[in-house]
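These are my notebook entries on a structure that was new to me. I set down what I looked up, in the order in which I looked.

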Amino acid sequence: MSYYLGIDAGGTKTTCVLADETTVLARTTAGSIKIMRVSEQEAETNLTLLLKELTSQSGVGMDSVACTCIGLAGITVARVEQWTRSELQRKISGKILICGDEEIALDGAFSGEPGVLVMAGTGSNVIGRKMDGSVFHIGGWGPAVSDEGSGHWIGLQAVRAVLHAFDRGDVTLLQAAVLKQWQITTIPEMVAVANQVPGPDFSQLAPVVVECANEGDAMACAVLEDAGRDLGRFVTLALKKVQDSAPTPEARVRLAFTGSVLGKIPQVRHALVATVQRSLRNIEVRSEPVDSAMGALWRARNSKELSLYAASSPHPSASFI
């Protein structure tokens, strides 16, 4: 009997799935093991707890694992890749595969088959697989230049919208909500916080925008709808690339999503889908968020047939909340 381990190592939590060739035997979640977010000591402690819990649930020791696949952002950072590989090799037997978090999400959606995955959490990214198996990215170039539709983007656009409204002499619910979230009372203070170096975590404003939109604030609604439309333009381009690689133009292309923005903010998701459907036909939209840990497990089980994501890729991996 061979055993396989899939790990989704996010910035705030880590999810592990242990299985044999056909059946999931154990699943557990704990804190982050990503050393760009937590200390090495905390990451090592969290990893130890995760593996101990897997063994407790399944009765399978980590010395019986044939292959482990871990997906995480930041694999182009040498220290991240080296520490992760070293710790896994010390604690788990068998082959170790390290790839981008976006690739395990893609495989969680489509198990190696063609399709497009859009990710929007703290950051955003679109990844697709063509009919010939080649993988490509669109967008997701980081918060300073891109990440449209992400939590960071939503928060930043909310501040911009409040300031533009102030210039017009308008006062909205969103203005009061942003001031309260940042624990300030005036527009000049808002400007100072927004422009400080290092800057604030704009993604923390995303839930504030959602609350205002749910209370009927037109400006907050517009920010969320713009987020979906911007993401939808990237997704439309990606879907066209997959369709163009198909043997016939009538081929159906699948679309899936992951990340807290698309999973928890229906206004963004609905605007995205509407944007896509205005331009394309024969698109099948997956209704539930992707389980990235199952994508990592799929890669572990199929490691002999896979070509891993090149660590030298110039494209960054996205982050999620």
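**Entry 1. Helix H4**

I began with the buried residues of H4 in this predicted model. They are Gly151, His152, Trp153, Ile154, Gly155, Leu156, Ala158, Val159, Ala161, Val162 and Ala165. I then asked what covers the buried residues of H4. The cover includes helix H5 (173-181), H6, H7, helix H8 (218-244), helix H9 (260-264) and helix H10 (266-279).

I also checked the length of helix H4, residues 151-168. At 1.5 Å a residue, its 18 residues should span 26 Å, and the end C-alpha atoms are indeed 26 Å apart, so the two values agree. Gly169, just after H4, takes a positive phi of about 90°.

**Entry 2. Ser203**

I looked up Ser203 next and found it in the loop between helix H6 (187-195) and helix H7 (206-214). Is Ser203 buried or exposed? Its relative accessibility is 5%, and because the limit for buried is under 20%, Ser203 counts as buried. I set aside the neighbours within four places in sequence and recorded the contacts of Ser203: Thr122, Gly151 and His152. Gly151 and His152 also appear among the buried residues of H4.

**Entry 3. The sheet that contains S6**

I turned to an open sheet of five strands, whose order is S8-S7-S6-S9-S10 and whose pairing is mixed. Its edge strands are strand S8 (135-138) and strand S10 (283-285), each of which pairs on one side only. Neighbouring strands here are turned by 20° against each other on average, with direction ignored.

How many residues of strand S6 (residues 115-120) are buried? I found six of its six residues buried, and the strand is mostly covered. Gly115, Leu117 and Met119 point one way from S6, while Val116, Val118 and Ala120 point the other way.

I then followed the partners of S6. With strand S7 (residues 124-129) S6 pairs in the antiparallel sense over six bridges, and Val116 stands opposite Gly128 in S7. Three residues lie between S6 and S7, which form a hairpin. With strand S9 (residues 253-258) S6 runs parallel, joined by four bridges. There I noted Met119 opposite Thr258 in S9.

**Entry 4. Helix H3**

Which strands does H3 lie across? I recorded S6, S7, S8 and S9, with H3 running at about 130° to S6. I found 10 of the 10 residues of H3 buried, so this helix is largely enclosed by the rest of the structure. The buried residues include Asp101, Glu102, Leu106 and Phe110. Ser111 follows H3 and has a positive phi, near 50°.

I next examined helix H3 (residues 101-110) against helix H11 (residues 292-301): they pack at an angle of about 90°, with their axes 7 Å apart. That angle makes H3 roughly perpendicular to H11. On the H3 side I listed Glu103, Ile104, Ala105, Asp107 and Gly108, which meet Ser292, Gly295, Ala296, Trp298 and Arg299 in H11. Sorted by class, this contact has four nonpolar, three polar and three charged residues.

**Entry 5. The sheet that contains S1**

I then looked up a further open sheet, again of five strands, with the order S3-S2-S1-S4-S5 and mixed pairing. Strand S3 (24-31) and strand S5 (95-99) are its edge strands, each pairing on one side only. The twist averages 15° from one strand to the next. Strand S2 (residues 13-19) and S3 run antiparallel and are joined by seven bridges, and Thr14 stands opposite Ala30 in S3.

Two helices that pack on this sheet went into my notes. Helix H2 (residues 78-91) touches strand S1 (3-9), strand S4 (65-72) and S5, and its direction makes about 155° with that of S5. H11 touches S1, S2, S3, S4 and S5, and its direction makes about 140° with that of S1. H11 therefore has two entries here, as it packs on this sheet and also meets H3, making H3 roughly perpendicular to it.

**Entry 6. Gln89**

My final item was Gln89, which is in helix H2. At 49% relative accessibility, Gln89 counts as partly exposed. I also recorded Gln89 and Thr68 as 21 residues apart in sequence and 9.7 Å apart in space, C-alpha to C-alpha.

How values were computed
Residues are numbered from 1 along each chain as its sequence is written. This is a predicted model: local features need pLDDT of at least 70, side-chain atom pairs count only at pLDDT 80 or more; totals for chains, interfaces and linings use all residues. Side-chain values use heavy atoms; hydrogens and water are left out. Axes are lines fitted to C-alpha atoms, for helices over the stretch in contact, and angles run from 0 to 180 degrees between N-to-C directions. Angles under 35 degrees count as roughly parallel, over 145 as roughly antiparallel, 65 to 115 as roughly perpendicular and the rest as oblique. Contact means heavy atoms within 4.5 Å. Ala, Val, Leu, Ile, Met, Phe, Trp, Tyr, Cys and Pro count as nonpolar, Asp, Glu, Lys and Arg as charged, and the others, Gly among them, as polar. Two strands pair if DSSP finds at least two bridges between them. Buried means under 20% relative accessible area, exposed over 50%, partly exposed in between (1.4 Å probe, protein chains only). The expected span of a helix is 1.5 Å times one less than its number of residues.
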